[in-house]
Amino acid sequence: MKEVEASTYSAGKPCVTFVIRDGQPDYVEFTTIPGNSGDSVPGKIGGKQTIHLYDNINKADIMQLLAYTLGFYNEFRRPDRDSFVNIHYENIAPENQGFFALTNDTTNFNYPFDFNSITFFHPYAYALDPSKPTMTARYESQTFPWKLSLSQYDITNIQREYQCGIGLLTYCNFEFDFCQWTQDTTDDFDFVRQKGPGDSDATGPTADYSNGIGYYVLAEAKGNHNQDARLMSPVLDAGTYCIRLYYYLYGSDIHTVKLIRRMSGVDTVLEELSGNQGALWHSFYNDYTADAPFQFVLEAVIGGSDLGDMAFDDVYILKGRCVV
Ligand SMILES: [Ca+2]
Ligand SMILES: [Ca+2]
Ligand SMILES: [Ca+2]
């Protein structure tokens, strides 16, 4: 719930907030049911409505159930679904085929088909033969990601439908690419996308932050001693912005990371952090105001040994102040 709130706030104001019931006539009750499938009804029905969880349910599946409650259907039930996804009905028991039915109760909100939506099932969901998928993409180049968190379109859809303004400018979990972030070419080396542990040194992450099995971006210490690498955000208009990200600075020779504002060709250091921060991901957020177009720049300055890998994951830029 906290992640849904934090991902959708806009212009410094929360968009969706969850509160403990205090006599409200319309409310959601969470219960658990045995078995390995949760459910909830799409949208508000009035009075009590129930979200069924299952034992050891993961964060992404809870967020999927909350997305239904907020009024969103599964992305793969969009009327234009068959242009993008093959459903393998021969591998789905008849009583479960309804979960894959197209529905005209939804609209595609004029956005592209979104394989990253939190409302996507796992590609093997409801498989009779668990070695075969029940959904595949129609295009070979498109893979089904493991759900991580709300996608960029999930967030903008919630913001628009709940009329909070579109606050999210960019979000990157680095699963496929660097999204709207670009490598600086005036530095010494480049960040790389990395999955799992880099090398066997006692430095750097062993897994990404988003879901533990995906990609993060790494400034590799080996071969880059005393050198720096920078990643640049898109150019942002003058105004106030919140940046939220996760960083991993583990190793006995961690040097320095910086958050920089690049405006009119001048770099100003906004934040700077040096030294070993332990073998875990830390979150960071803060807001900044600029009176001219600018970019955020993430800089890694490597120290004098191999034990100084630095990494980032899940970087958000939102309009307005951060909500704390
Ligand atoms: Ca990631
Ligand atoms: Ca570079
Ligand atoms: Ca390394």
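## Tyr247 and its contacts

Let's start with one residue, Tyr247, in this predicted model. Setting aside neighbours within four places in sequence, Tyr247 is in contact with five residues you can look for: Val257, His282, Phe284, Ala311 and Phe312.

## The nonpolar cores

Where does Tyr247 fit into the wider picture? Tyr247 belongs to the largest nonpolar core, which has 55 residues. Together with Val217, Ala311 and Phe312, Tyr247 is among the residues with the most contacts inside that core. Strand E10, covering residues 239–249, gives the core its largest share, 8 residues. The core also draws on both domains, with at least three residues from each of domain 1 (2–166) and domain 2 (171–319).

There is a second core as well, separate from the big one just described. This second core has 5 residues, including Phe76, Val85, Phe100 and Phe120.

## Strand E10 and its partners

Why can we call E10 largely enclosed by the rest of the structure? The reason is that 8 of its 11 residues are buried.

Now follow E10 to the strands it pairs with. With strand E13 (residues 282–290), E10 pairs in the antiparallel sense over 9 bridges. One of these links joins Tyr241 to its bridge partner in E13, Tyr288. E10 also pairs with strand E15 (residues 310–319), again in the antiparallel sense, this time over 8 bridges. Here, Tyr248 stands opposite Ala311, a residue that we already met as a contact of Tyr247.

## Two domains and where they touch

The domain assignment splits the protein chain into domain 1 (2–166) and domain 2 (171–319). How far apart are the C-alpha centres of domain 1 and domain 2? They lie 30 Å apart. The two domains do touch: 9 residues from domain 1 and 9 residues from domain 2 take part in the contact. On the domain 1 side, the touching residues divide into 6 nonpolar and 3 polar, with no charged ones.

## The whole chain

Stepping back, the protein chain contains 3 helices and 15 strands. Its C-alpha trace spans about 60 × 45 × 35 Å along the principal axes. For 324 residues, a compact globule would have a radius of gyration near 20 Å, and the 22 Å of this chain agrees with that.

Across the 324 residues, 33% count as buried. Finally, take the contacts between residues at least 6 apart in sequence: 73% of them join residues at least 24 apart.

Key. Residues are numbered from 1 along each chain as its sequence is written. Chains are lettered from A and ligands numbered from 1 in the order in which they are written. This is a predicted model: local features need pLDDT of at least 70, side-chain atom pairs count only at pLDDT 80 or more; totals for chains, interfaces and linings use all residues. A nonpolar core is a set of buried Ala, Val, Leu, Ile, Met, Phe, Trp, Tyr and Cys residues joined through C-beta atoms within 7 Å. A residue is buried if 20 or more other C-beta atoms lie within 10 Å of its own, exposed if 12 or fewer, and partly exposed in between; C-beta atoms are placed from the backbone. Helices (H or I, at least four residues) and strands (E, at least two) are DSSP runs, numbered from the N terminus. Domain bounds come from an automatic or database domain assignment. Two residues are in contact if their C-beta atoms, placed from the backbone, lie within 7 Å. Ala, Val, Leu, Ile, Met, Phe, Trp, Tyr, Cys and Pro count as nonpolar, Asp, Glu, Lys and Arg as charged, and the others, Gly among them, as polar. Two strands pair if DSSP finds at least two bridges between them. The radius of gyration is taken over C-alpha atoms; the globule rule is 2.2 Å times the number of residues to the power 0.38.
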